[in-house]
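This report describes selected features of one structure, taking strand pairing, charged pairs, a polar site and a surface patch in turn. The sequence and the structure are shown first.

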Amino acid sequence: MTLAVLMAGTPLSAQSGATGIVEGRVLNTVNGSYLENVRISIEGSALATTTDANGAYRLAGVPAGEARVRAAYVGLEPKIEVVDVRPGQTTMRDIGLSQTGEILVMSELSVIASREMNAQTLALNEQRNAPNIKNVVAFDEYNYNGQGNVGDVIKFIPGMSVVYSGNVASSLAVRGMPAYTTNMLMDGAPLGSGKISPSRTALAYGVPMSNVSRVEVNKVPTPDMPASGMGSSINIITKSGFERTRPLFTYNVYSLLRTDLPVTLEEVDVGTPSAQVSTIRRIMPSFDIAYMHPINNKLAISVSASNILNYSQGDVVYPRWNEDSLIQTSSGVRASPGVQATKDGRVGVEWKLDDRNEFSASLLYRRRGSADGVSTISANYGAGATGDRTSTQGASTGVGSLSQAFSWNQFDMDTTHGVFKYRHRGDRWKIDGQLSNSRSRTQYGSEGYPYFSGVSASISNLIIKGSGIGYGDEKYDLVPSAFTITDRSGTPVDGNNGNNYTITGATTASIETEETRSEARFDLERSFSGRIPISIKFGGSLLVDTFEIANNARTFAFRPTGTAADRLAGNNGLVNPALHLDQGTLFGGRPVQWVSPIKVYDLFMTSPDYFVLNDLTTYRNRVNNSKELTETITAGYLRGDVKLLENRLWLIGGVRFEKTSDDGMGPLSDATAKYVRDGSGNLVVDGAGKPVPITTDPLQAERLVLREREARTKRSYDDLFPSLNATYEISERLLARFGFASTIGRPDLGLVIPGITVSEPGTTSQGTVTVVNTGLKPWTANNYDLSLESYFLKGGFGTISVFQKDIKDFFTVVRTAATPELLALYGVPSGESYLNYDIVTRGNGGDARVKGFEFSYKQALTFLPAWASGVQVFLNYTKNSLSGSTTADFAQFNPEVMSWGASLVRPRFILKFTMVQQRETRRSATSVVGRSNFQGAIDRDTIAGEFQVTKHLSVYAQINDLLAGGYKDKFLIYDPNKNAPDHVRLDRMIDHGIALTVGIKGEF
């Protein structure tokens, strides 16, 4: 539609008569910052523009003579400046905008109120002036919980649901779409976020958060945006040195702690593999600082840094139930203390060559390290157990068991994100160029540390009875409060004493991943003057994404040739009597004495002959997890903009082309490779008709079968993606928008990194060659959105939206008889030998539809008396529905999300309450047909307050999850088609307690 208008003969010549240029910058006089997205217009004409990130504007073709320049910014008073425009000359006019009222009267002691107002107006103006439907939140507007996680801000955007790992936001899903269909950008450049498994999902806790200004979520893309934003595109925008008229230094010093644990600065032994191995402090200081300096009109710098230290502790219970018999089949508890250390840093430089040309460069860095000591003890009642809702009795044959298991690992993630930009702003031409490189590297495991990452210990042949199972919401209500444990002869067994456990094995984990996302892009825009403002924009980009993973985990058997007594923990001095005692009663009403992974490792160093390496398992771990993928995305687009009806109707349309090329390597597993073949390539069989093995050595045979990175495939696909966005200005404070876009959801990396597995001959009725289809095409969707947006209409601002996504090309399992062409296509070695096999892979097929409703609203309660002025309430609500033939493919689909709250803002203090509520979310299917993993419903509340002591110092506190008595993260496993009771669905619950953040902050 827009392109048709462009070709319809609209006058494209310059305006007749003498004209000049008006340019300048727009300043917020309340806080001394320059304003982006101020609407600048010449009254009585179609000339209009918006200010850039530095508050600058430029209007060419202004008729000579007196001109009335109008500046409008939501939340501040509009202003009209009368200027004298001279033919062929440039008239400079800077404009200051302000807000009348109490805030200005108390400007020396109103930093809090000013910050709150500026954060809201910053987000609103970017959202209002966007060419598409999107939501924006300013970082300063919402509560800071001390973890430096983008998810804690973005969860207040309509349509967002958060998947948590512990009490930390891990991944972000939008409108029910899987997280890997959402793009994550920083300053407009693709962001690499560390992962320990092949996935496109960007980890929220891996995003650098130093000196962040705001976060925008594009719900409908325009042609110059990636087509892969089927879920959405999230862009985190950092602050600019040119935002200020004068230097600004900000600081924040704080600490995060759990209120239900002893408050002490002393080091305590909690069994965490921290830098001190076993002793840490539960209360540790954190800080973040930032400095912005506009050195002159040509040069500005910004630097920032933060260091976040947190102690976390999740107390976990495992009440595993049988859905059919409705009895608890195993009962377990877990202690998982951990330490997280996050360091952020950013350096930004901006240089204006002249008024038309500007260069900028920024480098961000995040290092997140965590040490987690997870210790689990559980009782398995065994086959033939009986019971009811409150107790389980193991069979008299003594087939029950107790186990202690440990997962002590160090997680280190480094992300470096560099962006270089060039910008030219001419009267007719606009040019943008960008180079970026984002690299993330993750290491996970215990390699190089003085402990094993995993130790397993057990007591077998037991008769176990657990009684006193409750159904409250407290962690220990969910498992038995009392246990009776005997051996087969009826002799009591003390399951809390780690000395009674037999050590069965130990492991060292060592996973390394690295991802690099390098992009080059350019954008050219040509504007045409006339009665109807028109612009044409075109450009392209090249993105190269490389992902590599290696796994060198080792598995050891403990004294496999020794006696049962040789393997007892007590006979080897492997128990730490003090470990975890300060965490209270964990199992059966008494403290547990734990086997220590540190002591096991010490024994390994002094007596290595006690530990026998499982060469076969170690080899399989390494080869099966050695993978590499290089994905190249080439894109080009054409976009046209036209403004009609005196600039009240803005149409943006065009088309985008994207080509995706994948080149990957992964494991090749050919079960036939360990057998002798004749000269024709056929298997040689013995007298019994069985294949003749090349070797009888299991490891040598496995080396023949399983080969590292020998499965390699190259594939590519491409398509055109049209889009149309329309914005109609009903009034300056009320907008209607429509959006249509064709988008894609590329397969997650685990579905396209090559891998080939050939079945054992003769073990099935039909041999199979299972192939990872690197050429798997993406999901495709047609997206339709309609919204109504208000901006300070009767003191409120908000949006009402409806949307629909029609999705096709899902990922389905396809089984086809092998042909020479298919074997060659999938790169199967010795393909001719497998013509009597079936090829099993994934293809595209199926459909689904997501429909939804979104509501977002904030209202200042201006009708309240003067003493209660400054009260504001807000509500965000999203309702999604899912239908179609392949709805089970929707991991992380959330049907309902709501956030709401209220705040009282006065010049010197602020009080806030917020609540985020998510419905139960399906996460993944299990190995049992019909059963799935779910994350339980989530209610997370926050109460925060801040008081300004002086102009440069404020004190604040924030408490999280107070109303629920702590954040309780529930995981469920059940068959949605069965009507099992709620308590039977519960797989585990993690109690993270009530978190309190206290600190001081200020600015100079």
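In this predicted model, Thr508 has Arg554, a residue of strand S33, as its bridge partner. That bridge belongs to the pairing of S30 with strand S33 (residues 554-558), in which the two strands run antiparallel and are joined by four bridges. S30 (residues 502-508) also pairs with strand S28 (residues 454-467), again in the antiparallel sense and over five bridges. Within this second pairing, Ala457 has Ile503 of S30 as its bridge partner. In a regular strand, side chains alternate between the two faces of the sheet.

**Charged pairs**

Side chains of opposite charge can pair when their charged atoms come close. Over the whole structure, a search finds 56 salt bridges, and the table sets out three pairs with the distance between their closest N and O atoms.

| Salt bridge | Closest N and O atoms | Separation in sequence |
|---|---|---|
| Arg175 and Glu854 | 2.9 Å | 679 residues |
| Glu323 and Arg931 | 2.4 Å | 608 residues |
| Asp961 and Arg940 | 2.8 Å | 21 residues |

Arg175 and Glu854 form a salt bridge with their closest N and O atoms 2.9 Å apart. Arg175 lies in the loop between strand S12 (168-174) and strand S13 (182-186), whereas Glu854 is in strand S47 (residues 847-860), so this pair ties together parts that are 679 residues apart in sequence. Both partners fall under the 20% limit for a buried residue, because the relative accessible area of Arg175 is 1% and that of Glu854 is 3%.

For the salt bridge between Glu323 and Arg931, the closest N and O atoms are 2.4 Å apart. Here both residues are in loops, Glu323 between strand S21 (299-321) and strand S22 (328-352) and Arg931 between strand S51 (921-925) and strand S52 (932-935), so parts 608 residues apart in sequence are tied together. Glu323 counts as buried at 11% relative accessibility, while Arg931, at 21%, counts as partly exposed.

Asp961 and Arg940 form a salt bridge whose closest N and O atoms are 2.8 Å apart. Asp961 lies in the loop between strand S54 (953-960) and strand S55 (968-974), and Arg940 is in strand S53 (residues 938-950), so the parts tied together by this pair are 21 residues apart in sequence. Asp961 and Arg940 are both buried.

Salt bridges also link Glu36, Glu126, Lys134, Arg214 and Glu216 in a network.

**A buried polar residue**

Asn876 is part of strand S48 (residues 871-884) and counts as buried, at 6% relative accessibility. Its side chain is joined to that of Ser856 by a polar contact of 2.7 Å. When neighbours within four places in sequence are left aside, the residues in contact with Asn876 include Phe156, Pro158, Phe855, Tyr857, Val897, Met898 and Ser899.

**A nonpolar surface patch**

On the surface, Leu645, Tyr728, Ile730, Phe738, Tyr784, Leu786, Leu788, Ile800, Val802 and Phe853 form a nonpolar patch with about 830 Å² of accessible area together. Strand S39 (706-731), strand S43 (779-793) and strand S44 (796-808) are the elements that give two or more residues to this patch, and S43 gives the most, with three residues. Tyr784 is found in strand S43 and is partly exposed, with a relative accessible area of 34%.

Methods. Residues are numbered from 1 along each chain as its sequence is written. This is a predicted model: local features need pLDDT of at least 70, side-chain atom pairs count only at pLDDT 80 or more; totals for chains, interfaces and linings use all residues. Side-chain values use heavy atoms; hydrogens and water are left out. Patches are made of residues with over 30% relative accessible area and no salt bridge: like charges are joined within 9 Å, nonpolar side chains (Val, Leu, Ile, Met, Phe, Trp, Tyr) within 5 Å. Accessible areas come from the Shrake-Rupley method with a 1.4 Å probe; for residues, only the protein chains shown count as cover. A salt bridge is a side-chain nitrogen of Lys or Arg within 4 Å of a carboxyl oxygen of Asp or Glu. Buried means under 20% relative accessible area, exposed over 50%, partly exposed in between (1.4 Å probe, protein chains only). A polar contact is a pair of N or O atoms within 3.5 Å; within protein, one must be able to donate a hydrogen and the other to accept it, and residues adjacent in sequence count only if both atoms are side-chain atoms. Contact means heavy atoms within 4.5 Å. Two strands pair if DSSP finds at least two bridges between them.
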